[in-house]
Amino acid sequence: LAAEPRARGPRHLNEDTGRFVLLAALIGLYLVAGATVFSALESPGEAEARARWGATLRNFSAAHGVAEPELRAFLRLYEAALAAGVRADALRPHWDFPGAFYFVGTVVSTIGFGMTTPATVGGKAFLIAYGLFGCAGTILFFNLFLERIISLLAFIMRTCRERQLRRSGLLPATFRRGSALSEADSLAGWKPSVYHVLLILGLFAVLLSCCASAMYTSVEGWDYMDSLYFCFVTFSTIGFGDLVSSQHAAYRQGLYRLGNFLFILLGVCCIYSLFNVISILISHSLYWGWRK
């Protein structure tokens, strides 16, 4: 890999550098645009929530004779309790085996909800080593998953192409893969187009998200839009942690946890593969733009 840029020559080095600079500039503009839009959308709601919360604190302080600084100090202690996993609602334990398994799943998948975090020194030290190898192994698994998807699509499309050629009479009925064909009709090295892979992965991601959202809406009690939002945030491993599944203790945990695990596993694999395909298209677009 280190010798590849030297073998490609100065011209390709300049092109790669140019595309890198162009991509960096586009990402910077993308970040600025995103920050502008989110600031415009969310700032009014944040200001309104702050005003409501300040009024609530003042009313509670006056009604119960508690000084506002003391009340704020108590709330800071409760925030510390939240960070340790203590909740006012009846939630399932975070550090029993199922809870710990859910946590390590969010670690190695790089989702990192933040709902459960190690509080001990030993837990934090172990997380560093555990996450280092776990995340690397999971990324390898995602890459292999994408390769298997492409191989499956290539097999299906080769089969469809062979049937099409047989029906048109351009392919002998006794044809076996690997035999000699004319260059125009040869199926050797047949691979699906990046656009076909993008379309199939996109459709599968939408179908998976819709099915998962239906489950989360019925079990978690979220709005369907919130469920779709949770699916994207989770499957893309952004993992804000504002919505976290499988936290309540009221519903039947066994079957739901299994379904939740399978949806998250398939969703993360699918979206990671989709991101890889989109990055290929972005790279091609940057190459075309730089050459232009």
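What is the volume of the second largest pocket? The second largest pocket holds about 320 Å³. The model behind this value is predicted.

## Second largest pocket

Two elements, α1 (4-64) and α7, each give two or more residues to the lining of this pocket. The largest share comes from α1, with 7 residues. The full lining is Arg-19, Phe-20, Leu-23, Leu-26, Ile-27, Tyr-30, Leu-31, Ser-279, Ile-282, Ser-283 and Leu-286.

By class, the lining of the second largest pocket splits into 8 nonpolar, 2 polar and 1 charged.

## Largest pocket

The largest pocket encloses about 510 Å³. Here α3, α4 and α7 are the elements that contribute two or more lining residues. The lining counts 22 residues. Nearest the centre of the largest pocket lie Phe-101, Gly-105, Thr-106, Phe-261 and Ile-264.

The lining of the largest pocket comprises 14 nonpolar, 6 polar and 2 charged residues.

## The cavity

How many cavities of 30 Å³ or more does the structure hold? There is 1. Its volume is about 90 Å³.

The cavity has 13 lining residues. Tyr-102, Phe-103, Thr-106, Met-115 and Thr-116 are the ones nearest its centre. The lining divides into 5 nonpolar, 7 polar and 1 charged.

## Thr-106

Thr-106 appears among the residues nearest the centre of the largest pocket. Thr-106 also appears among those nearest the centre of the cavity. Its place is in helix α3.

Is Thr-106 buried or exposed? Thr-106 counts as buried because its relative accessibility is 10%, and buried means under 20%. The Thr-106 side chain reaches the backbone oxygen of Phe-103 at 2.5 Å. Phe-103 is itself among the residues nearest the centre of the cavity.

## Helix α5

Helix α5 covers residues 194-220, 27 residues in total. From first C-alpha to last it reaches 37 Å. The expected value at 1.5 Å a residue is 39 Å, and the helix comes close to it.

Which residues of α5 are buried? They are Val-197, Leu-201, Ala-205, Leu-208, Ser-209, Ala-212, Ser-213, Met-215, Tyr-216 and Glu-220. Just after α5 comes Gly-221, with a positive phi of about 80 degrees.

## Helix α6 and the loop after it

Helix α6 has 12 residues. Its end C-alpha atoms are 16 Å apart, so the span agrees with the 16 Å expected at 1.5 Å a residue. Ser-227, Phe-230, Cys-231, Val-233, Thr-234 and Phe-235 are the buried residues of α6.

The loop between α6 and α7 contains Ser-236. Ser-236 counts as buried because its relative accessibility is 8%. A polar atom of the Ser-236 side chain lies 2.5 Å from the backbone oxygen of Phe-232.

Thr-237 is found in the loop between α6 (224-235) and α7 (253-291). Thr-237 counts as partly exposed because its relative accessibility is 23%, and the cut-off for buried is under 20%.

## Positive phi outside glycine

Most residues other than glycine have a negative phi. Thr-237 has a positive phi, near 60 degrees. Thr-110 has a positive phi too, near 65 degrees.

Where does Thr-110 lie? Thr-110 sits in the loop between α3 (97-108) and α4 (121-168). With a relative accessible area of 37%, Thr-110 is partly exposed.

## Annotated transmembrane regions

An unreviewed UniProt entry lists residues 20-41, 100-121, 127-157, 194-215, 227-246 and 258-282 as "transmembrane region". Two of these ranges can be set against the model.

Over 194-215 the chain is 100% helix and 0% strand. The end C-alpha atoms of that range are 31 Å apart. Over 258-282 the chain is also 100% helix and 0% strand. In this range the end C-alpha atoms are 36 Å apart.

Notes: Residues numbered from 1 in each chain as written. Predicted model: local features only at pLDDT ≥ 70, side-chain atom pairs only at ≥ 80, totals over all residues. Heavy atoms only, no water. Helix = DSSP H or I, 4+ residues; strand = E, 2+ residues; numbered from the N terminus. Expected span 1.5 Å × (residues − 1). Buried < 20%, exposed > 50% of the residue type's maximum accessible area, 1.4 Å probe, protein only. 1 Å grid on protein atoms, 1.4 Å probe; cavity = no way out; pocket = protein on both sides within 12 Å on 5 of 7 lines; lining within 4 Å. Points joined across faces, edges and corners; volume = space filled by probe spheres on them. Nonpolar A, V, L, I, M, F, W, Y, C, P; charged D, E, K, R; others polar. UniProt positions renumbered as here; feature names shortened; annotations may be inferred. Polar contact = N/O pair within 3.5 Å; in protein donor to acceptor, adjacent residues only side chain to side chain.
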